[in-house]
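Here are a few warm-up exercises for getting to know a new structure. Try each task yourself, then check the worked solution below it.

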Amino acid sequence: MEKVERRTVTYSKTTITELMIPSYANFGGKIHGGILLSLIDKVAYACASKHAGAYCVTVSIDNVEFLQPVEVGELVSLHASVNYVGNTSLVIGIKVIAENVKIGLVKHTNTSYVTMVAKGDDDRPTPVPALVLETKEEVRRFVEAMKRKELKLSFNEKMDETKNALDLEGELGILKGQRCLIRLDEKGATS
Ligand SMILES: CC(C)(COP(=O)(O)OP(=O)(O)OC[C@H]1O[C@@H](n2cnc3c(N)ncnc32)[C@H](O)[C@@H]1OP(=O)(O)O)[C@@H](O)C(=O)NCCC(=O)NCCS
């Protein structure tokens, strides 16, 4: 098959709409976060694989914060588009909207960013087409994704440094005022 050099954002835009049925609910009657995560992963795959023209795998899902609960009976729509492409990776932005059709209420429940990597038949990462940015919004999303990637990298480095520098014996004072009780037995104290 001929290799595609570039594709527009519009080419792979994908929306999934699903009715929230009672079996998706938790004991409190709201929709399980895991149901929404699964839908986020699905729509990200559909969008990424369409852009890549290849099988894709999920590497990470960022910014999963459910701002409002989703109720049984609501229609959840997940709007996905490619925000950024690297060499073999893609970042898919997903806006999740829940709609109560009876009272006409529309809620924006969260926006997440899924990083996916395209794989070739040899199961190795394979290059994806470049992204054609046709609107200012698409340019803004691409730049934001680059910044988010940089920030995540520096956060991870800082967190590693912090963990390596942690001296638990010396820093127990940090726990003052926290809602925990320390009950170390001899084994816990020395390990
Ligand atoms: C993600 C994966 C393909 C990376 O493989 P790898 O051999 O380390 O590949 P590379 O180092 O060449 O990286 C490939 C791309 O992934 C990106 N990547 C790797 N780790 C990453 C991470 N933690 N976060 C974001 N991007 C990452 C790299 O930046 C690179 O992107 P680029 O080509 O656009 O520059 C591999 O770790 C994998 O297959 N993981 C399992 C994924 C999976 O099965 N997911 C389903 C959940 S069960």
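**Exercise 1.** Find how many helices and strands the protein has, and what pattern they follow along the sequence.

*Solution.* Keep in mind that you're looking at a predicted model. Start with the tally: the secondary structure comes to 4 helices and 7 strands. Next, walk along the sequence and write down each element as you meet it, which gives β-α-β-α-β-β-β-β-β-α-α.

**Exercise 2.** Work out how the radius of gyration of the protein sits against that of a compact globule of 191 residues.

*Solution.* First, take the reference: a compact globule of 191 residues would come out near 16 Å. Then look at the protein itself, which has 21 Å. For the dimensions, check the box that the C-alpha atoms fill along the principal axes: roughly 65 × 45 × 35 Å. Finally, ask about burial: 24% of the 191 residues count as buried.

**Exercise 3.** Describe the shell around the ligand: which residues are in it, and which element gives the most?

*Solution.* Begin by listing the residues around the ligand: V57, T58, V59, S60, G86, N87, T88, S89, T115, V117 and P125. Now match them to elements: β3 (55-62) and β6 (105-119) each give two or more residues. β3 gives the most, with 4 residues. Last, sort the shell by character: 4 residues are nonpolar, 7 are polar and none is charged.

Conventions: Residues are numbered from 1 along each chain as its sequence is written. This is a predicted model: local features need pLDDT of at least 70, side-chain atom pairs count only at pLDDT 80 or more; totals for chains, interfaces and linings use all residues. A residue is near a molecule or strand if its C-beta atom, placed from the backbone, lies within 6 Å of it. Ala, Val, Leu, Ile, Met, Phe, Trp, Tyr, Cys and Pro count as nonpolar, Asp, Glu, Lys and Arg as charged, and the others, Gly among them, as polar. The radius of gyration is taken over C-alpha atoms; the globule rule is 2.2 Å times the number of residues to the power 0.38. A residue is buried if 20 or more other C-beta atoms lie within 10 Å of its own, exposed if 12 or fewer, and partly exposed in between; C-beta atoms are placed from the backbone.
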